[in-house]
Amino acid sequence: MIASTQTGLVIAAFGKRYDVELADGRQIGCVTRGKKSDLACGDCVEIKLTAANEGVVESIMPRSSLLYRSNAFRSKFFAANVTQIVIVLAAVPSFYEDLLNRCLIAAEAAGIRVLILLNKSDLPETAAALQQLQLYRSLGYAVQPLSAKQDAAPLRHWLQGQTSVLVGQSGMGKSTLVNALLPDAAVRTQEISAVLDSGKHTTTAARLYHLDADSHLIDSPGVQEFGLYHLSVEQMEHAFIEFRPYLGKCRFNNCRHVREPDCAIMNAVQDGKISEIRLQSYKKLLSEIS
């Protein structure tokens, strides 16, 4: 007789189908009821078996965190219950600083730890990339140079005891990192398109891997747009960590730090206490969510 319900972990999301891992290690292919498909990799769920290896998701457990990816039309969950975002960058192909800032804001808003990982550190262009990242080091974010093809060991201590998600634009070497950390995973990698100066998508679905009993890693498709539309203006400005000492000190209570007179944030930029790069990033994101 088929059991009524069982608790499982969503370890892969393929559109409207999900792989759910049960406590005994079995992987069950699942769908959701009706047209809803609002699950994310890392979700804890209750499922009802409909066959030996098939099931339907009955309910989702409360989440400790939730991350979104987005495009021009909608936002979609892609990772739940993570404790750390590993933002994978590289000097080649050149990384988008705008995407880096979006990742940082998403992490701060969700209360998730951040590691900025500069992959392909054996390349000669790395020195300039590290200089570019000095701004983020000065804000207190950890920056770890690494060459996944040579030695991924420096990353392991950052991952210990965490449920981490790898994010970043395509071509940064996320799949190579997973291959180095989990050789048995055999994640497909692909050559970079030098003509376009961008990577080609190789990961088609978010997938969770177990590094050990206490450490887990979610590899996600190349994220070109990090979803921030769910944030309020107040959440957005608070997620810029260097803004926090100045919030509430502007002349106007409803100051949005765009062009208002006697704005504490803009004054701090003029005094060199806040980077103009970060203020411009804030203004761009503000215009989007507004």
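**View 1. Cysteine residues in the predicted model.** At 5% relative accessibility, Cys 255 counts as buried. In this predicted model, Cys 255 takes part in no disulfide, and the nearest cysteine sulfur belongs to Cys 263, at a distance of 3.8 Å. A disulfide would require the two sulfur atoms to lie within 2.5 Å, so this pair does not qualify. The structure as a whole holds 0 disulfides. Cys 30 is also shown; with a relative accessibility of 0%, Cys 30 counts as buried.

**View 2. The protein chain as a whole.** The secondary structure of the protein chain consists of 8 helices and 13 strands. Of its 290 residues, 50% are buried. The protein chain exposes about 13,900 Å², and carbon and sulfur atoms supply 51% of that area. Among contacts between residues at least 6 apart in sequence, 63% join residues at least 24 apart. The views that follow turn to individual strands, helices and aromatic rings.

**View 3. Strand S8 and its covered faces.** Strand S8 spans residues 84-90, and 7 of its 7 residues are buried. In a regular strand, side chains alternate between the two faces of the sheet. On one side of S8 lie Gln 84, Val 86, Val 88 and Ala 90, and on the other lie Ile 85, Ile 87 and Leu 89; both faces are covered, with all of these residues buried. S8 pairs with strand S11 in the parallel sense over 4 bridges. Within that pairing, Ile 85 stands opposite Val 165 in S11.

**View 4. Strand S9 and its pairing with S8 and S10.** Strand S9 comprises residues 113-119 and is mostly covered, with 6 of its 7 residues buried. S8 and S9 run parallel and are joined by 7 bridges. Val 88 stands opposite Leu 117 in S9. Between these two strands the chain passes through helix H1 (residues 97-110), forming a β-α-β crossover that is right-handed. A further position in the S8 and S9 pairing is Ala 90, whose bridge partner in S9 is Asn 119. S9 also pairs in the parallel sense with strand S10 (residues 142-145), over 4 bridges. In this second pairing, Leu 115 stands opposite Ala 142 in S10.

**View 5. Asn 101 and its surroundings.** Asn 101 is found in helix H1, the helix through which the chain crosses from S8 to S9. Is Asn 101 buried or exposed? Its relative accessibility is 2%, under the 20% limit, and Asn 101 therefore counts as buried. Neighbours within four places in sequence aside, Asn 101 is in contact with Tyr 136, Arg 278 and Ser 281.

**View 6. Helix H5 and the elements that cover it.** Helix H5 (residues 174-181) is mostly covered: 6 of its 8 residues are buried. The buried residues in H5 are Lys 174, Ser 175, Thr 176, Leu 177, Val 178 and Leu 181. Which elements help to cover the buried residues of H5? Strands S8 and S9 are among them, together with helix H4 (153-159), strand S11 (163-167), strand S12 (207-210) and strand S13 (216-219).

**View 7. The aromatic pair of Tyr 68 and Phe 77.** The structure contains 4 aromatic pairs. In one of them, the ring centres of Tyr 68 and Phe 77 are 5.3 Å apart and the ring planes stand at 70 degrees, so the pair is edge-to-face. Planes over 60 degrees apart place a pair in that class. Tyr 68 has a relative accessible area of 17% and is buried. Phe 77, at 23% relative accessibility, counts as partly exposed.

**View 8. The aromatic pair of Phe 240 and Tyr 282.** A pair of aromatic rings is described by the distance of the centres and the angle of the planes. For Phe 240 and Tyr 282, the centres are 5.6 Å apart and the planes are at 90 degrees, so this pair is edge-to-face. The pair links distant parts of the chain, 42 residues apart: Phe 240 lies in the loop between helix H6 (233-239) and helix H7 (264-270), whereas Tyr 282 lies in helix H8 (residues 276-289). Phe 240 is buried, with a relative accessible area of 0%. Tyr 282 also counts as buried, at 0% relative accessibility. Phe 240, Phe 243 and Tyr 282 form one aromatic cluster.

Technical notes:
Residues numbered from 1 in each chain as written. Predicted model: local features only at pLDDT ≥ 70, side-chain atom pairs only at ≥ 80, totals over all residues. Heavy atoms only, no water. Buried < 20%, exposed > 50% of the residue type's maximum accessible area, 1.4 Å probe, protein only. Pairing = 2+ DSSP bridges. Right-handed = clockwise from strand over helix to strand, strands pointing away. Contact = heavy atoms within 4.5 Å. Phe/Tyr/Trp six-rings, centres within 6.5 Å; stacked < 30°, edge-to-face > 60°. Areas by Shrake-Rupley, 256 points an atom, 1.4 Å probe, with all protein chains shown as cover.
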